[in-house]
Amino acid sequence: CSSDLVLHLHLPQLDGAYLAQLARMRGVPTVVTYHCDLSLPPGWLNRMANAVSNSSGRLTNQLADVVVVNTRDYAEHSRLLRSVLHKTVEVLPPAHVAPVRPSDREALERRAGIRPGDRVIGMVGRVAAEKGVDVLAAALPLIRREHPSARVLHAGAYRNVPGEAAYLERVTRLTDALGDSWRFLGPLPEGELAALFQA
């Protein structure tokens with residue numbers, strides 16, 4: 001086997017353990033980029049999928065030569081990474097943020113109803129159980145005790161996310177009670193997304 005080959009897997013990935021085992025048998029080093037612990041919504045089929053995916057993930061991480069994580073903190077609190085901390089490497093994700101034009105800022109302010117003095121908490125990503133949207137929604141009343149003008153602006157898919165209908169229902173019960181202090185914006189154009197990061 002050529003020494004210039006490397007197997008690069010992105011987890012969670014159901015067939016990761018099989019591929020990592022093949023690579024080990026052929027002397028090919030394996031690098032895993034670990035994105036998140038899989039956490040599907042309740043239900044017997046999802047429990048089975050979680051169990052199979054987690055078993056595969058544990059074995060893949062054990063077989064890997066290096067496990068790349070976005071943050072050490074996540075690795076230390078992950079169910080699947082605690083046993084492989086000795087071979088984790090933290091690599092911050094590269095992020096290119098577009099320059100913010102005044103028109104982008106104004107468009108975001110109109111879309112989100114941002115008022116002078118608002119303390120903006122931005123959350124970007126799809127509504128999915130592993131993202132912890134419900135945790136932020138439950139925490140917002142506590143945050144607003146200290147910072148009454150705090151508002152969450154959530155950018156990203158929140159409707160029709162495959163497999164997340166029940167989770168969205170749970171999140172919506174929490175966010176509906178928050179009134180105007182929580183706003184789902186949906187996917188944003190690049191300039192408005194950059195303006196949200198700046199806000």
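In this predicted model, the largest cavity is lined by Leu 11, Pro 12, Gln 13, Tyr 34, Cys 36, Ser 53, Asn 54, Gly 57 and Leu 80. Sorted by class, that lining comes out at 5 nonpolar and 4 polar residues, with no charged ones at all. Helix H2, which runs over residues 44–63, is the biggest contributor to the cavity wall, giving 3 residues. The space inside amounts to about 50 Å³. A search of the whole structure for cavities of 30 Å³ or more turns up just 1.

Next come the pockets, which are open rather than closed off. The largest pocket has a volume of about 520 Å³. Its lining is made of 14 residues, and the ones lying nearest the centre are Pro 93, Val 124, Gly 125, Lys 131 and Phe 197. Here the class count reads 8 nonpolar, 3 polar and 3 charged residues. So charged side chains do turn up in the lining of the pocket, whereas the lining of the largest cavity has none.

Now for the packing of the chain. The largest nonpolar core holds 16 residues, and Val 127, Val 133, Leu 140, Tyr 167, Trp 182 and Phe 184 have the most contacts inside it. Two helices, H5 (133–146) and H6 (165–176), and two strands, S6 (150–155) and S7 (182–186), each give two or more residues to this core. H5 gives the most, with 4 residues. Trp 182 is a handy residue to look up in the structure: leaving out residues up to four places away in sequence, it touches Val 133, Leu 136, Ala 137, Leu 140, Val 152, His 154 and Thr 175. There is also a second, separate core, made of 13 residues, with Leu 9, Leu 11, Ala 20 and Val 32 among them. Leu 11 thus belongs to this second core and also shows up in the lining of the largest cavity.

Zooming out, the protein chain has 7 helices and 7 strands. Strands and helices take turns along the sequence, in the pattern β-α-β-α-β-α-β-α-β-α-β-α-β-α. The C-alpha atoms fit in a box of roughly 60 × 40 × 30 Å along the principal axes. Of the 199 residues, 40% are buried. Among contacts with a separation of 6 or more, 67% link residues 24 or more positions apart. As for the outside, the chain exposes about 11,600 Å², and carbon and sulfur atoms supply 58% of that area.

How values were computed: Residues numbered from 1 in each chain as written. Predicted model: local features only at pLDDT ≥ 70, side-chain atom pairs only at ≥ 80, totals over all residues. Heavy atoms only, no water. 1 Å grid on protein atoms, 1.4 Å probe; cavity = no way out; pocket = protein on both sides within 12 Å on 5 of 7 lines; lining within 4 Å. Points joined across faces, edges and corners; volume = space filled by probe spheres on them. Nonpolar A, V, L, I, M, F, W, Y, C, P; charged D, E, K, R; others polar. Core = buried A, V, L, I, M, F, W, Y, C linked by side-chain atoms within 4.5 Å. Buried < 20%, exposed > 50% of the residue type's maximum accessible area, 1.4 Å probe, protein only. Contact = heavy atoms within 4.5 Å. Areas by Shrake-Rupley, 256 points an atom, 1.4 Å probe, with all protein chains shown as cover.
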